[in-house]
Amino acid sequence: MSDLIVAMGLVLVIEGLIYGGFPSLAKRLAAEVLSMPENALRAVGLASIAVGVGLVWLARG
């Protein structure tokens with residue numbers, strides 16, 4: 001359970017870096033996401049899950 005909390009904390013740190021350090025980039029990315037079709041968003045989301053699981057597997061192995 002503590003690993004899950006650490007992982008969620010890291011996600012918040014990374015998001016905070018993007019929003020705090022590059023707010024104009026964050027706005028542009030949000031606008032791009034709104035214009036993307038749902039199938040593309042789904043594919044990117046599933047690919048992100050696969051990469052994340054792979055990274056955790058490598059780090060734990």
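## Alanine 40 in helix α3

A residue counts as buried under 20% relative accessible area and as exposed over 50%, with partly exposed in between. The model described here is predicted, and in it alanine 40 has a relative accessibility of 26%, so this residue counts as partly exposed.

Alanine 40 is found in helix α3. Between alanine 40 and glycine 21 there are 27 Å in space, taken from C-alpha to C-alpha, while in sequence these two residues are 19 residues apart.

## The salt bridge between α1 and α3

Side chains of opposite charge can pair when their charged atoms come close. In this model the count of salt bridges comes to one, and the partners are arginine 60 and aspartate 3, whose side chains meet at 2.3 Å, N to O. Because arginine 60 lies in helix α3 and aspartate 3 in helix α1, the pair ties together parts that are 57 residues apart in sequence.

The two partners fall into separate accessibility classes: arginine 60, at 60% relative accessibility, counts as exposed, whereas aspartate 3, with a relative accessible area of 45%, is partly exposed.

## The largest pocket

The largest pocket holds about 460 Å³ of space. Its lining is made by 15 residues, and those closest to the centre of the pocket are Ala7, Leu10, Val11, Ile14 and Gly52. Helices α1 and α3, the latter spanning 38-60, are the elements that give two or more residues to this lining, and α1 gives the most, with eight residues.

In chemical terms, the lining of the largest pocket divides into 10 nonpolar residues, two polar residues and three charged residues.

## A nonpolar patch on the surface

On the surface, Ile14, Ile18, Tyr19, Phe22, Leu25 and Leu29 make a nonpolar patch of about 590 Å². Ile14 thus appears both in this patch and among the residues closest to the centre of the largest pocket.

Helix α1, which covers 2-21, and helix α2, which covers 23-35, each supply at least two residues of the nonpolar patch, and α1 gives the most, with three residues. Leucine 29, one of the patch residues, has its place in helix α2. With a relative accessible area of 45%, leucine 29 is partly exposed, and this value fits the rule that patches are made of residues with over 30% relative accessible area.

Key:
Residues are numbered from 1 along each chain as its sequence is written. This is a predicted model: local features need pLDDT of at least 70, side-chain atom pairs count only at pLDDT 80 or more; totals for chains, interfaces and linings use all residues. Side-chain values use heavy atoms; hydrogens and water are left out. Patches are made of residues with over 30% relative accessible area and no salt bridge: like charges are joined within 9 Å, nonpolar side chains (Val, Leu, Ile, Met, Phe, Trp, Tyr) within 5 Å. Accessible areas come from the Shrake-Rupley method with a 1.4 Å probe; for residues, only the protein chains shown count as cover. A salt bridge is a side-chain nitrogen of Lys or Arg within 4 Å of a carboxyl oxygen of Asp or Glu. Helices (H or I, at least four residues) and strands (E, at least two) are DSSP runs, numbered from the N terminus. Buried means under 20% relative accessible area, exposed over 50%, partly exposed in between (1.4 Å probe, protein chains only). On a 1 Å grid over the protein atoms alone, a cavity is a set of points where a 1.4 Å probe fits but cannot get out, and a pocket is an open set with protein on both sides within 12 Å along at least five of seven lines; lining residues have an atom within 4 Å of a point. Grid points are joined across faces, edges and corners, and a volume is the space filled by probe spheres set on the points. Ala, Val, Leu, Ile, Met, Phe, Trp, Tyr, Cys and Pro count as nonpolar, Asp, Glu, Lys and Arg as charged, and the others, Gly among them, as polar.
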